[in-house]
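Here is a short report for a reader new to this structure. It starts with the chain and then turns to the ligand.

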Amino acid sequence: METSYSLTNIDETEKFCNDNGIEFSCVRHPPVPTVETMIEEVKFPDKEVVLAKNLFLKDKKKKTLYLLVAKHDTVVDFKALAKFLKTGSSNIRGGDSDKLEEILKVKGGSINLFCILNDNEKKVQLLVDKSLYGQEWLGIHPMQNDATFAISGADMEKVITLSNHEPQVINFSELVVLSDTPKYKQQKKEKKPKKEKKAKDEDLHELGITISREDDFSLWYSQVITKSEMIEYYDVSGCYILRPWSYGIWERVQRFLDGLFKQSGVENSYFPIFVTEKALTKEEDHLEGFAPEVAWVTKSGKTDMKEPIAIRPTSETIMYPAFAKWVQSHRDLPILLNQWTNIVRWEFKHPTPFIRTREFLWQEGHTAHATKDEATKFVYEILECYAKTYEEMYSVPVIRGIKSRGETFAGADFTSTVELFVPSNGRGIQGATSHYLGQNFSKMFDLWFENEDKKKDFAHQTSWGFTTRSIGAMIMIHGDNKGLVLPPKVAQVQVVIVPITNKDNHDEILESADKVFATLKGSGIRVKIDDRKNYKPGWKFNHWEVKGVPIRLEIGKKDIENSEVRVVRRFDGKKFQLSTEGISQSLLDELDKIQAGMYDKAVKERDDRMKNAATWDDFMSELNQRNLILTPWCDQESCEDNVKERSKEESKQAENAGEEVLTGSAKTLCKPISQPELAEGTKCFACDSNATSTALWGRSY
Ligand code: 86X
């Protein structure tokens with residue numbers, strides 16, 4: 001006999017789990033009707049839980065109903081889904097709420113996998129995202145969205161079995177690829193490909209970005225980084241593959257920054273990736289709060305190691321014991337070392353490619369000096385290197401500043417920072433930091449020397465880091481609704497040549513295009529010629545636009561007759577003709593203009609969104625309009641904590657009242673180094689104290 005279920009709340013769900021031997025742990029939280037709020041609010045203290053998004057859908061033609069359960073970050077493309085379900089591309093829609101409540105016994109914001117148990121008459125088909133299989137823990141609402149149960153992947157399958165539904169398992173990443181495949185590849189499978197068909201508008205659309213930055217920023221971002229071939233997703237959560245299109249950028253930025261470091265007298269070195277527990281925990285204070293993020297190697301093969309060793313989350317505790325060995329006298333100072341490495345931090349916050357990943361690439365610099373003065377100067381010298389890299393390589397403007405006490409690295413006396421702004425979502429991003437560590441670490445690690453007066457003195461230290469996050473920031477700041485927009489200095493390809501040919505003049509045009517190609521290449525321009533025969537020019541234009549190539553050159557019959565090429569600039573769409581005479585120099589100039597033009601555009605967009613506020617109300621109003629805000633501030637940690645709380649609370653209220661605001665708490669990004677003068681007696685915008693400086697506030701990554 002088949003059992004029938006009726007689950008409507010957490011108690012009934014709990015009973016169901018207990019009756020059927022399904023183990024769960026439960027967290028309570030505020031109601032989370034959307035994926036975004038779910039990711040923000042649902043946290044399990046002791047395990048990493050994969051969250052699911054749930055959609056009740058209908059096929060409006062076939063009158064079928066579906067419950068789709070997908071991993072929270074799976075891109076669900078309705079068109080591709082329709083293809084999978086073998087129905088018309090616009091047939092898949094959201095299901096009606098009365099049916100939802102009648103059959104699955106749940107309301108819109110609380111849909112979950114347990115619902116399917118209520119469908120005793122099998123009116124609903126179950127669709128399950130393949131990515132949910134093989135997960136250790138899955139988070140599922142127990143019929144109400146103010147709680148989440150973590151159940152094992154195996155128990156998810158058990159729930160499905162008990163529901164008596166045969167799930168259709170969907171590999172969404174393949175679905176997307178399918179709709180991205182150019183016509184010719186699909187034709188290949190046919191025995192005798194007919195004459196090449198012209199790509200339809202629809203195909204162009206599929207290849208390109210299908211969502212705007214304004215409509216869904218994170219979906220836009222994931223489309224941009226995958227369709228531009230920068231990132232490939234990977235099956236370890238929080239880890240991503242850097243493809244040549246992004247790794248090439250890292251190589252160029254690395255070369256530039258490394259050159260600046262060397263001008264400052266810094267040398268490269270390499271310290272091991274592993275650290276013993278004893279060394280890592282020596283400096284308890286700076287570790288505080290970070291401990292859960294440390295990844296440990298505990299086994300070799302099947303054997304437990306005698307002592308687990310950690311993978312570096314940063315290298316202070318690896319490098320400073322060696323520094324101590326190398327320094328006796330003031331003549332051994334300064335030590336100015338850098339290393340380019342990978343880093344592992346097992347974060348539990350929602351990962352974002354480049355921006356927050358569990359493994360990332362960076363450089364970390366560590367120095368030791370005889371005097372406070374020299375060390376402090378060095379902190380700013382490095383901060384300038386970072387600012388220069390953003391401004392000159394990435395065409396991204398920065399705000400140089402000092403972190404508030406609450407945002408300062410625990411091991412530092414002060415932390416300097418370069419802060420960036422993403423106009424399309426209103427968030428700030430920390431670009432890089434340079435710390436003055438004072439004598440905090442040198443005292444801990446016995447890093448002392450005999451000074452000129454033959455007295456024992458502890459070294460004054462600095463540390464500083466710049467990571468692959470910078471690539472993500474650049475993508476967010478320059479990218480547009482057609483895809484990536486790359487500044488010429490970092491672009492893997494600076495100029496792409498697309499020959500415009502037809503059957504009659506194919507060879508002749510290709511010959512001219514090859515000549516231009518050779519000329520440009522000879523003058524050091526990173527140029528590529530797209531002479532693939534199986535793609536139409538329109539498809540190629542689209543392809544290289546998504547990939548953000550700064551300049552497209554079109555060479556067709558007319559152009560050759562006039563000894564010209566057609567130039568199209570990616571960042572502003574400007575189109576014009578250039579003579580092939582002196583083409584290299586013209587394009588080198590053009591690339592410089594684009595590099596500068598992108599910077600100017602980014603400065604303007606940022607400055608338009610940087611507002612002043614002297615009162616709390618003005619502050620909240622600017623914040624809700626996704627702006628950065630400069631305020632007079634008292635510089636007290638408790639005041640910043642209050643602002644974080646209050647801004648979170650009040651933006652949520654604004655959202656509940658139907659306003660379209662960005663939610664989440666605001667914090668200081670920095671106290672800008674260039675400070676406007678404060679009038680005598682100016683009050684803090686948020687409390688009763690006197691203001692002591694101007695702070696920059698915003699929501700941030
Ligand atoms: C802070 C401080 C500092 C050198 C930099 O910001 C630049 C380059 N290091 C890094 N930090 C940690 O110290 C840390 C420690 C552990 Cl154990 C961890 F798991 C995560 C951490 N994250 C940041």
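## The chain as a whole

This is a predicted model. Of the chain's 701 residues, 52% count as buried. The chain exposes about 33,300 Å². Carbon and sulfur atoms supply 48% of that area.

The chain holds 22 helices and 31 strands. Its radius of gyration is 29 Å, close to the 27 Å that the globule rule gives for 701 residues, so the chain is as compact as a globular protein of that length. Along the principal axes, the C-alpha atoms fill a box of roughly 90 × 80 × 60 Å.

## Contacts along the sequence

Take the contacts in the chain with a separation of 6 or more. Residues 24 or more positions apart account for 68% of them.

## The shell around the ligand

The ligand has 18 residues around it. His 286, Thr 314, Glu 316, Arg 345 and His 435 come nearest. By type, the shell divides into seven nonpolar, seven polar and four charged residues.

Which elements supply at least two residues of the shell each? They are helix H12 (284–287) and the strands E16 (359–369), E19 (427–438) and E22 (460–467).

## Polar contacts and burial

Two side chains face nitrogen atoms of the ligand in polar contacts. A polar side-chain atom of Thr 314 lies 3.0 Å from a ligand nitrogen. For Arg 345, a polar side-chain atom is 3.3 Å from a nitrogen atom of the ligand. His 435 pairs with oxygen: an N or O atom in its side chain is 2.7 Å from an oxygen atom of the ligand. Taken alone, the ligand exposes 520 Å², and the protein buries 93% of that.

Methods: Residues are numbered from 1 along each chain as its sequence is written. This is a predicted model: local features need pLDDT of at least 70, side-chain atom pairs count only at pLDDT 80 or more; totals for chains, interfaces and linings use all residues. Side-chain values use heavy atoms; hydrogens and water are left out. A residue is near a molecule or strand if one of its heavy atoms lies within 4 Å of it. A polar contact is a pair of N or O atoms within 3.5 Å; within protein, one must be able to donate a hydrogen and the other to accept it, and residues adjacent in sequence count only if both atoms are side-chain atoms. Accessible areas come from the Shrake-Rupley method with a 1.4 Å probe; for residues, only the protein chains shown count as cover. Helices (H or I, at least four residues) and strands (E, at least two) are DSSP runs, numbered from the N terminus. Ala, Val, Leu, Ile, Met, Phe, Trp, Tyr, Cys and Pro count as nonpolar, Asp, Glu, Lys and Arg as charged, and the others, Gly among them, as polar. The radius of gyration is taken over C-alpha atoms; the globule rule is 2.2 Å times the number of residues to the power 0.38. Buried means under 20% relative accessible area, exposed over 50%, partly exposed in between (1.4 Å probe, protein chains only). Contact means heavy atoms within 4.5 Å.
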